[in-house]
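Please work through the exercises below with the sequence and the model at hand. Each task is followed by a solution in steps.

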Amino acid sequence: MKKDDCIFCKLANGDIPTNTIYEDDDFRVILDAAPAAKGHSLILPKNHADNLFELDDTTAAKVLSLARTVAEKMKSTLGCDGVNLVQNNGASAGQTVFHFHVHIIPRFTGDGVGLTWKQLSPTAEEQAALTEKLHI
């Protein structure tokens with residue numbers, strides 16, 4: 001199902017022209033219009049879900065396999081040293097377009113692309129308490 005006012009629905013479903021590198025019945029993979037690195041791409045499901053929490057299980061199961069396929073193509077074609085997969089959920093996590101998507105960012109030694117955070121130093125007791133709370 002498409003959402004009429006969603007720019008990524010329009011991109012994913014071909015309503016707006018894109019630099020498409022892959023397409024099937026469920027997904028379109030496009031080059032990011034404002035890339036962090038050469039080849040930076042987006043996996044866009046054709047059906048709308050705001051974020052990971054709204055994504056159906058079938059689509060969720062397919063997305064990582066597709067990301068691997070795209071990343072392997074990047075490594076063989078671009079010769080990148082590594083790849084970041086980035087998927088943000090919610091404004092506080094950096095999500096700016098509320099249509100589930102995955103960034104695939106080719107990485108090259110010394111490229112200056114930054115995906116970092118300040119590391120915390122929890123105590124063993126804090127980790128044990130958190131483990132208990134989060135245990136599934």
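Two exercises with solutions follow. This is a predicted model, in which local features need pLDDT of at least 70 and side-chain atom pairs count only at pLDDT 80 or more, while totals for chains, interfaces and linings use all residues. Residues are numbered from 1 along each chain as its sequence is written, and side-chain values use heavy atoms, with hydrogens and water left out.

**Exercise 1.** Determine in which sense β1 and β2 pair.

Solution.
- Strands are DSSP runs of E with at least two residues, and helices are runs of H or I with at least four, numbered from the N terminus.
- Two strands pair if DSSP finds at least two bridges between them.
- β1 and β2 (residues 27-31) are antiparallel, with 3 bridges.
- Thr 20 lies opposite Ile 30 of β2.
- A hairpin results, with 3 residues between β1 and β2.

**Exercise 2.** Identify the salt-bridge partners of Arg 28 and Asp 26, and classify the accessibility of these two residues.

Solution.
- A salt bridge places a side-chain nitrogen of Lys or Arg within 4 Å of a carboxyl oxygen of Asp or Glu.
- Arg 28 meets Glu 23 at 2.9 Å, N to O.
- Asp 26 meets Lys 62 at 2.5 Å, N to O; this pair joins the loop between β1 and β2 to helix α2, 36 residues apart.
- Buried means under 20% relative accessible area, exposed over 50%, and partly exposed in between (1.4 Å probe, protein chains only).
- Arg 28, at 10%, is therefore buried, whereas Asp 26, at 28%, is partly exposed.
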